[in-house]
Amino acid sequence: MTRNRTDYQFPDGWGLMGTEQRHRWFTRERIRRRARRQARESDVVGVRSPDDF
């Protein structure tokens, strides 16, 4: 088994996934990370949500 040299926490069964399954997992993970980062950034600059009005 190869060593994980990234900050990703791969799901159980990673080694059994096909190329397309891994691609979908990475895509979803990047979207999740981007959304989390953007949420933190909006907190920093004080962007208000529509619910605040």
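This briefing covers the fold, the aromatic pairs and the salt bridges of the structure above. The model is predicted. The protein has 53 residues, of which 8% count as buried, and contains 1 helix and 0 strands. Two groups of side chains are described below: a cluster of aromatic rings made of Tyr8, Phe10, Trp14, Trp25 and Phe26, and a salt-bridge network of Asp7, Glu29, Arg32 and Arg33.

**Overall fold and surface**

- Helix H1 spans residues 19-45, and there are 0 strands in the protein.
- The exposed area of the protein is about 5100 Å². Carbon and sulfur atoms supply 51% of that area.
- Buried residues make up 8% of the 53 in the protein. Among them are tryptophan 14 at 15% relative accessible area, tryptophan 25 at 12% and glutamate 29 at 12%.

**Aromatic pairs**

- The count of aromatic pairs comes to 9.
- One of these is formed by phenylalanine 10 and tryptophan 14, whose rings are stacked, with 4.3 Å from centre to centre and 20° between the planes.
- The two partners fall into separate exposure classes: phenylalanine 10 is partly exposed, with a relative accessible area of 28%, whereas tryptophan 14 is buried, at 15%. Tryptophan 14 is classed as buried because its value is under 20%.
- Tryptophan 14 also pairs with tryptophan 25; the ring centres are 5.3 Å apart and the planes stand at 70°, so this pair is edge-to-face. The cut-off for that class is over 60 degrees.
- The tryptophan pair links distant parts of the chain, since tryptophan 14 sits in the segment before H1 and tryptophan 25 in helix H1, 11 residues apart.
- Tryptophan 25 is buried, with a relative accessible area of 12%.
- Ring pairs join Tyr8, Phe10, Trp14, Trp25 and Phe26 into a cluster.

**Salt bridges**

- Side chains of opposite charge can pair when their charged atoms come close. The count of salt bridges in this model comes to 4.
- Aspartate 7 and arginine 33 form one of them, at 3.1 Å from N to O. Aspartate 7 belongs to the segment before H1 and arginine 33 to helix H1, so the bridge ties together parts that are 26 residues apart in sequence.
- Aspartate 7 is exposed, with a relative accessible area of 54%, while arginine 33 counts as partly exposed at 25%.
- Arginine 33 also meets glutamate 29 in a salt bridge of 3.0 Å, N to O. These residues are 4 apart in helix H1 and are therefore separated by about one helical turn.
- Arginine 32 and glutamate 29 form a salt bridge as well, at 2.5 Å from N to O. They are 3 residues apart in helix H1, so about one helical turn separates them.
- The side chains of glutamate 29 and arginine 32 are also joined by a polar contact of 2.5 Å.
- Arginine 32 is partly exposed, with a relative accessible area of 40%.

**Glutamate 29 within the network**

- Glutamate 29 lies in helix H1 and has salt bridges to arginine 32 and to arginine 33.
- Glutamate 29 counts as buried because its relative accessibility of 12% is under 20%.
- Through these bridges and the one between aspartate 7 and arginine 33, Asp7, Glu29, Arg32 and Arg33 are linked in a network.

Notes:
Residues numbered from 1 in each chain as written. Predicted model: local features only at pLDDT ≥ 70, side-chain atom pairs only at ≥ 80, totals over all residues. Heavy atoms only, no water. Helix = DSSP H or I, 4+ residues; strand = E, 2+ residues; numbered from the N terminus. Buried < 20%, exposed > 50% of the residue type's maximum accessible area, 1.4 Å probe, protein only. Polar contact = N/O pair within 3.5 Å; in protein donor to acceptor, adjacent residues only side chain to side chain. Phe/Tyr/Trp six-rings, centres within 6.5 Å; stacked < 30°, edge-to-face > 60°. Areas by Shrake-Rupley, 256 points an atom, 1.4 Å probe, with all protein chains shown as cover. Salt bridge = Lys/Arg side-chain N within 4 Å of Asp/Glu carboxyl O.
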